[in-house]
Amino acid sequence: ASADEVSSSADELAENGREGIEKLTEALLLSGEAMAEAGNSRPASGSEHHMSHFIELDFLRRGKIPPLHGVTVGLGTLVSLKLYEKLPLLIGPVGKFDLPSESRIRDILKKLGCPVCYRDIGVSLETVRDMIENAHTIRERFTVLTALHQRDMLRSLSEEIADLVW
């Protein structure tokens, strides 16, 4: 519900409006509460964070300052949503995921002035493909990346999805 509240306040956030900032702050606090109750970051960290850390490590390996964490998480969210869209086609019917479409989140990120392509932050297409194939190794946590890796499907998806987000 918090995510819906924040996404419906994108216009307000883009203008630094009070209501949008309040909704975002509330969502962040609820996210922190969920992590505290769970005793780990799982309620607020999945495949999008694994991809974010993969990209941040790539920047550090190249001796460069990584982009802001929120930027790389936003881009990882676009990839994750694309993977979730493909999941039923690849492994058959799965439980219903109440997730926004990738295009909706892309539109919100654009509205807020955030990058929506990895090339905009200096990441190569090859690195994006590598990220999709290998980000599941960043943490031992089951995500959509893990599910597709276990079925040996990440490599085939990496080219298609990387082209969409690069």
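Arg 106 and Glu 102 pair up through their side chains in a salt bridge, 2.7 Å from N to O; the term covers a side-chain nitrogen of Lys or Arg within 4 Å of a carboxyl oxygen of Asp or Glu. The two residues sit four apart in helix 6, so about one helical turn separates them; helices here are DSSP runs (H or I, at least four residues), numbered from the N terminus. Arg 106 is buried, at 13% relative accessible area, and Glu 102 is buried as well, at 7%. Buried stands for under 20% relative accessible area, exposed for over 50%, and partly exposed for what lies in between (1.4 Å probe, protein chains only). Elsewhere, Glu 5, Glu 19 and Lys 23 are joined into one network by salt bridges that share partners.

All of this is read from a predicted model, in which local features need pLDDT of at least 70 and side-chain atom pairs count only at pLDDT 80 or more, while totals for chains, interfaces and linings use all residues. Residues are numbered from 1 along each chain as its sequence is written, and side-chain values use heavy atoms, with hydrogens and water left out. The average pLDDT (the predictor's confidence in each residue, from 0 to 100) is 93, and 100% of the residues score at least 70. Among the elements, helix 7 has the highest mean, 98, and helix 1 (residues 2–8) the lowest, 87.

The whole structure holds 10 salt bridges. One of them links Asp 11 to Lys 111, with the closest N and O atoms 2.8 Å apart. Asp 11 belongs to helix 2 (residues 10–14) and Lys 111 to helix 6, so this pair ties together parts 100 residues apart in sequence. Asp 11 is partly exposed, at 44%, and Lys 111 is also partly exposed, at 44%. Lys 86 and Glu 160 form another salt bridge, their closest N and O atoms being 2.4 Å apart. Here helix 5 is tied to helix 9, across 74 residues of sequence.

As for the interior, the largest nonpolar core has 33 residues, with Val 79, Tyr 118 and Met 131 making the most contacts inside it. Such a core is a set of buried Ala, Val, Leu, Ile, Met, Phe, Trp, Tyr and Cys residues joined through side-chain atoms within 4.5 Å. Helix 5 gives the most to this core, namely seven residues. Beyond its neighbours within four places in sequence, Met 131 is in contact (heavy atoms within 4.5 Å) with Met 51, Phe 54, Ile 55, Val 79 and Tyr 118.
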